[in-house]
Amino acid sequence: VIGLPLYRLRWDEIVSAEVVEFSPLRDFGGWGIRLNAEGTWGFFYRGNKGVLITRPNGRKVLLGSDDPARLLAVVLAARKVGGARLDDEKI
């Protein structure tokens with residue numbers, strides 16, 4: 001398949017979400033769609049802030065954002081609309 005791989009994450013697969021600061025070079029080896037040594041997927045093209053989402057199996061996904069607090073608010077609101085509950089809500 002040509003193009004970018006699609007990463008899907010159901011709302012009920014989100015155990016926790018929090019705003020984090022990270023170093024693209026140190027933590028992921030650069031910018032873009034990355035997988036680091038700890039098994040965390042990173043999706044970002046600039047900056048050093050984002051929302052770290054933890055799944056039930058312990059795997060993590062980092063979504064870079066210029067406004068991570070707003071992105072976190074959207075994730076939390078969508079989780080509630082989807083009928084699921086976060087075990088650990090952080091801002």
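The legends below accompany several close-up views of a predicted model.

**View 1. The whole chain, with its two helices and six strands.** Read from the N terminus on, the elements of the protein chain follow the order β-α-β-β-β-β-α-β. The protein chain has 91 residues, of which 34% count as buried, and its accessible surface comes to about 6100 Å², with 54% of that surface belonging to carbon and sulfur atoms. When contacts between residues at least 6 apart in sequence are considered, 45% of them join residues that are at least 24 apart.

**View 2. Strand E4 and the strands that pair with it, E1 and E5.** Strand E4 spans residues 49-54 and is mostly covered, since five of its six residues are buried. With strand E1, strand E4 pairs in the antiparallel sense over six bridges, and within this pairing Val19 has Val51 of E4 as its bridge partner. With strand E5, which covers residues 60-64, strand E4 also runs antiparallel, and here five bridges join the two. Val51 appears in this second pairing as well, where it stands opposite Leu63 in E5. Strands E4 and E5 form a hairpin with five residues between them, and Gly58, which lies in the turn, has a positive phi of about 90°.

**View 3. Thr54 and Lys60, which touch each other in the predicted model.** Thr54 lies in strand E4, whereas the place of Lys60 is in strand E5. Which of the categories buried, partly exposed or exposed applies to Thr54? Thr54 has a relative accessible area of 14% and therefore counts as buried, because buried means under 20%. Lys60, by contrast, has a relative accessible area of 32% and is therefore partly exposed. Leaving aside neighbours within four places in sequence, Thr54 is in contact with Glu13, Ile14, Val15, Ser16, Arg59 and Lys60. With residues up to four places away likewise not counted, Lys60 touches Gly39, Thr40, Trp41, Leu52, Ile53 and Thr54. The C-alpha atoms of Lys60 and Ile14 are separated by 9.4 Å, although these residues are 46 residues apart along the chain.

**View 4. The largest nonpolar core, made of seven residues.** Its members are Ile14, Ala17, Val51, Ile53, Leu72, Val75 and Leu76. Two elements give two or more residues to this core, namely strand E4 and helix H2, the latter spanning residues 68-81. Helix H2 gives the most, with three residues. One of the core members, Val75, touches Trp11, Ile14 and Ala17, when residues up to four places away in sequence are not counted. Apart from this core lies another, of six residues, among them Val20, Phe28, Leu52 and Leu62. As a general background to this view, nonpolar side chains tend to be buried together in soluble globular proteins.

**View 5. A nonpolar patch on the surface, made by Tyr7, Ile33, Leu35 and Trp41.** This patch has an area of about 340 Å². Tyr7 is found in the segment before strand E1, the strand of residues 16-21. Why does Tyr7 count as partly exposed? Its relative accessibility is 31%, and the partly exposed class takes in what lies between under 20%, which is buried, and over 50%, which is exposed. Trp41, another member of the patch, is also one of the residues that Lys60 touches.

Key
Residues numbered from 1 in each chain as written. Predicted model: local features only at pLDDT ≥ 70, side-chain atom pairs only at ≥ 80, totals over all residues. Heavy atoms only, no water. Patch = residues over 30% accessible without salt bridge, like charges linked within 9 Å, V, L, I, M, F, W, Y side chains within 5 Å. Areas by Shrake-Rupley, 256 points an atom, 1.4 Å probe, with all protein chains shown as cover. Salt bridge = Lys/Arg side-chain N within 4 Å of Asp/Glu carboxyl O. Helix = DSSP H or I, 4+ residues; strand = E, 2+ residues; numbered from the N terminus. Buried < 20%, exposed > 50% of the residue type's maximum accessible area, 1.4 Å probe, protein only. Core = buried A, V, L, I, M, F, W, Y, C linked by side-chain atoms within 4.5 Å. Contact = heavy atoms within 4.5 Å. Pairing = 2+ DSSP bridges.
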